[in-house]
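Here's a quick briefing to read alongside the model. Have the sequence and the 3D view open as you go.

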Amino acid sequence: MKFNQKSLALMLIDSVLVNLAAFGGFYLRFEGNIPQEYFLTYYHTAWAGTLIYLFVFSVFGLYNRLWQYASINELISIFFAVTVGTSSVVLVIYFLAPMRYPNTVAVLLWLITTFLIGGSRFIGRILQDTVFSVQLPGIPKRVLILGAGDAGALAVRELKNSNYKEGYPIGIIDDAPEKQKLKLMGIPVLGTRKDITRVVKSHNVEEIIIAMPSAPGDVIRDMTELCEKSGAVIKIMPGIYNYFSGQVDTLKIRHVEIEDLLGRDQVNLDIEEVAGYLAGETVLVTGAGGSIGSELCRQICRFKPEKLILVGRGENSIFDIEQELRSDCPNINVVTEILDVKDREKVELVFRRLKPGVVFHAAAHKHVPLMERNPEEALKNNIVGTNNVAEISDLTKVKTFVLISTDKAINPTSIMGATKRVAEMIIQSLDWHSQTRFVAVRFGNVLGSRGSVIPTFKKQIAKGGPVTVTHPEMVRFFMTIPEAAQLVVQAGAMAQGGEIFILDMGKPVKIVDLARDLIRLSGLEVDVDIKIEYTGIRPGEKLYEELLTAEEGTTSTRHQRIFVAKPNAIDVLEIESLVQLVRERGSYLTREEIVEALGHVVRGFQQLPGKKKVEKMSVSAR
């Protein structure tokens with residue numbers, strides 16, 4: 001290995017320390033009166049013993065570590081390095097020197113060397129945590145940490161590493177009885193969650209850090225509400241799941257966001273299964289510039305496809321995701337194609353030229369009110385566009401085709417939902433006779449997608465309100481964009497052909513509760529700083545969304561968050577007739593003709609307002 005100046009300096013120090021340890025061992029064994037013959041033994045073997053120690057220390061990596069961040073792992077390395085080094089020195093002297101080391105001297109040599117080498121490495125860390133980390137007067141704000149676990153320790157360490165410029169931890173709150181009145185890294189546990197307000201007041205706390213990355217959303221919500229009453233600034237250390245290492249990492253401290261209150265569980269992917277169909281493959285994503293499409297591209301790049309084809313009709317959004325991927329994934333061959341999926345001829349040209357093996361079809365019109373006002377565009381894009389991409393995937397022998405669907409396709413009351421249900425039927429009918437594995441993945445709303453409720457609420461709050469909610473009982477299923485994309489990728493790996501995969505969306509969330517949470521997280525008070533106004537259910541909307549029809553039901557899969565809907569009967573002739581009608585008349589279809597045509601294909605499609613009664617549903621309960 002190569003040694004820099006710092007490593008050479010450490011080796012010089014170690015040379016002195018191991019010889020000092022040898023002398024100390026003899027001195028203690030003989031109480032200062034060392035026999036002459038042992039002086040001669042040491043004199044003839046000191047050079048060999050020193051080289052042995054330095055070699056062993058080098059093998060154990062004691063010269064290529066950042067010791068200011070030393071932890072228990074470094075201490076273990078020192079222990080084994082000194083043990084192996086001392087054993088080697090004793091054995092060499094036993095066979096080569098005129099006199100061997102006394103057993104007591106050998107033990108003392110090991111003990112003293114461990115103490116000196118360990119002390120020399122940890123002295124910097126000790127000084128950093130004590131002498132050099134004294135609280136700077138008048139600079140750091142006083143911080144209270146919620147959670148005396150690993151994340152809490154990490155929060156304390158991060159504050160210390162910044163020399164308390166980001167805040168000084170005065171105490172920790174934890175509900176565990178066994179942790180009360182104890183200290184974590186020198187910081188006392190001051191009570192449980194019921195003591196938050198008291199501790200904030202008595203210790204003049206300015207900021208609270210929630211360090212509980214594995215806590216469910218309802219716990220984070222409760223903690224946030226308690227902290228809001230205290231008047232302190234609230235921040236959080238959120239957790240993310242690294243599905244390559246299988247470990248939970250903790251991101252930097254940031255302000256609490258709405259995703260933290262929903263508390264979605266982290267996704268656990270089967271890496272080998274996913275890599276098995278994406279690694280080294282040519283993958284095409286339609287709608288690649290959209291919220292879901294762009295995140296799918298990010299997730300796919302992690303599995304090193306041979307080529308990733310970004311397809312979309314909006315040049316700016318495609319340009320943005322292309323530049324991001326070229327910067328973050330320089331080893332991936334990224335190809336862009338600007339096209340409209342309604343243009344069958346261009347779609348076929350691209351497929352025959354680039355020969356994709358896996359297709360994710362995310363291109364669609366998704367906004368319910370807009371599609372109610374422009375129903376013919378929903379039919380052209382969501383039905384004809386899907387039919388084009390799916391049929392050409394079949395013709396060009398694509399291996400796997402994954403359609404991104406929606407919970408609004410179930411018992412649809414909107415044009416958009418009905419067209420997405422037809423799209424599901426199209427790929428299921430094609431799967432019956434195709435070598436391509438056609439599957440659909442159905443899920444609810446995603447947090448932060450373009451035009452969704454959260455960005456809309458944030459804009460309204462920024463303008464001073466009011467925040468508009470259609471109905472006080474309106475509920476929706478939510479998941480994060482990365483979560484949805486990861487589960488879509490996993491579902492594609494599980495595809496046998498013809499399935500409609502349903503993602504476990506957890507518990508439905510009231511839209512008005514989201515509005516209240518966002519107002520509070522903005523540091524404002526509901527109905528005082530920002531008003532909430534109810535505007536009434538819009539055309540095509542339901543009070544609640546479903547993930548299954550009554551006939552479908554679900555069966556579980558090997559992934560706990562993915563289910564399969566039982567297939568319904570499909571009238572292929574009706575589907576073909578509808579597709580042909582849209583191709584021929586498209587923009588000239590009247591609303592009445594569109595509703596009638598969709599009603600022939602999609603059972604239960606009716607444009608009626610949602611029910612007043614809210615039925616709580618969960619995929620996992622079915």
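Let's start in the strands: valine 143 stands opposite glutamate 207 in strand 5. Keep in mind that this is a predicted model. From that strand pairing we'll move on to the salt bridges, and then to the helices.

**Strand 1 and its neighbours**

- Strand 1 and strand 5 run parallel to each other, with 4 bridges between them.
- Strand 1 also pairs with strand 2 (residues 168-173), again in the parallel sense, this time through 5 bridges.
- On the strand 2 side, the residue facing arginine 142 is tyrosine 168.
- Strand 1 covers residues 142-146, and 4 of its 5 residues are buried, so the rest of the structure largely encloses it.

**A buried salt bridge between strands**

- In total, the structure holds 23 salt bridges.
- One of them brings us back to glutamate 207, which forms a salt bridge with lysine 235; the closest N and O atoms are 3.5 Å apart.
- That pair links distant parts of the chain, with glutamate 207 in strand 5 (residues 207-210) and lysine 235 in strand 6 (residues 233-236), 28 residues apart.
- Are these two partners buried or exposed? Both lysine 235 and glutamate 207 are buried.

**Salt bridges between helices**

- Arginine 298 and glutamate 324 form a salt bridge, with their closest N and O atoms 2.5 Å apart.
- Arginine 298 sits in helix 10 (residues 291-301) and glutamate 324 in helix 11 (residues 315-328), so this pair ties together parts that are 26 residues apart in sequence.
- Arginine 298 counts as partly exposed, because its relative accessibility is 27%.
- Glutamate 324 counts as partly exposed too, with 26% relative accessibility.
- Another salt bridge is made by the side chains of arginine 344 and glutamate 391, at 2.9 Å from N to O.
- Here arginine 344 belongs to helix 12 (residues 344-354) and glutamate 391 to helix 14, so the pair ties together parts 47 residues apart in sequence.
- Why does arginine 344 count as partly exposed? Because its relative accessibility is 26%.
- Glutamate 391 likewise has 26% relative accessibility and counts as partly exposed.
- Back among the strands, there's a network as well: salt bridges with shared partners join Lys141, Glu207 and Lys235.

**Helix 14 up close**

- Helix 14 runs over residues 375-395, and 18 of its 21 residues are buried, so it's largely enclosed by the rest of the structure.
- How far apart are the end C-alpha atoms of helix 14? They are 29 Å apart, which agrees with the 30 Å that 21 residues should span at 1.5 Å a residue.
- Just after helix 14, look for lysine 397, which takes a positive phi of about 60 degrees.

**Glutamate 372 in helix 13**

- Glutamate 372 is found in helix 13 (residues 368-373).
- Glutamate 372 has 6% relative accessibility; buried means under 20%, so it counts as buried.
- Which backbone nitrogen lies 2.7 Å from a polar atom of the glutamate 372 side chain? That of isoleucine 415.

Notes: Residues are numbered from 1 along each chain as its sequence is written. This is a predicted model: local features need pLDDT of at least 70, side-chain atom pairs count only at pLDDT 80 or more; totals for chains, interfaces and linings use all residues. Side-chain values use heavy atoms; hydrogens and water are left out. Helices (H or I, at least four residues) and strands (E, at least two) are DSSP runs, numbered from the N terminus. The expected span of a helix is 1.5 Å times one less than its number of residues. Buried means under 20% relative accessible area, exposed over 50%, partly exposed in between (1.4 Å probe, protein chains only). A salt bridge is a side-chain nitrogen of Lys or Arg within 4 Å of a carboxyl oxygen of Asp or Glu. A polar contact is a pair of N or O atoms within 3.5 Å; within protein, one must be able to donate a hydrogen and the other to accept it, and residues adjacent in sequence count only if both atoms are side-chain atoms. Two strands pair if DSSP finds at least two bridges between them.
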